[in-house]
Amino acid sequence: MTETSKHEWDIPATDDSPHEGGFRADLAITTERGGPSYGAMIEQVRAFMGKVRYASPTPELADEVIEDLRKLNAKLDTMLVDEWTSPSGTRIDLPSRGNITLPPYVITTGGPDGVEAEVTFGDFHLGGNGVTHGGHVAVAFDDLGGMASALKTGGVARTAYLTVNYRSLTPLNKPLTIRTWVDVQDDRKLYVKGTLHDGDRLCADLDSLFIKLKPGQP
Ligand SMILES: CCCCCCCCCCCCCCCC(=O)SCCNC(=O)CCNC(=O)[C@H](O)C(C)(C)COP(=O)(O)OP(=O)(O)OC[C@H]1O[C@@H](n2cnc3c(N)ncnc32)[C@H](O)[C@@H]1OP(=O)(O)O
């Protein structure tokens, strides 16, 4: 795959409008931005975030970690780019397109009929009593609902509403199956349904509305 694979709904950026038509004019889907170690770097950050959730450091260790993190933040400060050129969210070869703000998922199938992915909520996503925080389940549904909308219409959509029904507890550190699909399309309105399963057990389901953006709509 080349650095940037064009899709018909990638609207070219212009000098006047670097992100005309939604989140980005050119989704700049890539497997190369950020380099070959970008995915491993994201995994280390994810692992760190999970450990922070459970760690109870001594004051000395906390001070050491602060110092290490200061150094790491200073290193990244030298490499900051804008939203439109960051690798995050564009790396289709990585879980969740390399976006650390999303729970890590891997797409199994995706097209106009919907999306199926394997999602694994980790220690960072702990809500309480050993299971996943409901907000993180909603984040996964939001992103994959948006992706189902995009693959159905060939355009970027924004969430108008998102209702998640929590049917049973969602385990951590276990691959789960998440599905989203456009149930009904009424012009720009996309009524998106979804399910999250642990094996045969339904953990949550989704009822949502996405609105396809008009050209140039921010
Ligand atoms: C091979 C690899 C491929 C990779 C592929 C990558 C894909 C990459 C995917 C990324 C996926 C990210 C997915 C994240 C998605 C977000 O998280 S978006 C962030 C959260 N959402 C927002 O911030 C939206 C804020 N709200 C808005 O911007 C505007 O209200 C909206 C939603 C765009 C709608 O505004 P609008 O376009 O002006 O539309 P408007 O005329 O008001 O409404 C249109 C119709 O919808 C109806 N409507 C609007 N809102 C509502 C509502 N809340 N309830 C009911 N009806 C409503 C209206 O009544 C109207 O109905 P009709 O009169 O046409 O019958």
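Here is a walk through the sheet, the helix lying across it and the shell around the ligand. Keep in mind that this is a predicted model: local features need pLDDT of at least 70, side-chain atom pairs count only at pLDDT 80 or more, and totals for chains, interfaces and linings use all residues. Residue numbers start from 1 along each chain as its sequence is written.

Let's start with the sheet. Six strands (E, DSSP runs of at least two residues, numbered from the N terminus) form an open, antiparallel sheet in the order E1-E2-E6-E7-E8-E5. Strands count as paired if DSSP finds at least two bridges between them. E1 (105–111) and E5 sit at the edges with a single partner strand each, so one side of each has no neighbour in the sheet. From one strand to the next, the twist averages 20°, with axes fitted as lines to C-alpha atoms, for helices over the stretch in contact, and angles running from 0 to 180 degrees between N-to-C directions.

Now look at E5's pairing with E8: the two run antiparallel over nine bridges, and tyrosine 161 stands opposite leucine 209 in E8.

Helix H3 (helices are H or I runs in DSSP, at least four residues) lies across E1, E2, E5, E6, E7 and E8, at about 135° to E5. Contact here means C-beta atoms, placed from the backbone, within 7 Å.

That brings us to the ligand. Around it are 16 residues, with Gly146, Ala150, Arg158, Thr159 and Ala160 coming nearest; a residue is near if its C-beta atom, placed from the backbone, lies within 6 Å. H3 (134–153), E5 (157–166) and E8 (201–212) each supply at least two shell residues, and H3 gives the largest share, five. By type, the shell has eight nonpolar, three polar and five charged residues, where Ala, Val, Leu, Ile, Met, Phe, Trp, Tyr, Cys and Pro are nonpolar, Asp, Glu, Lys and Arg charged, and the others, Gly among them, polar.

Methods. Contact = placed C-beta atoms within 7 Å.
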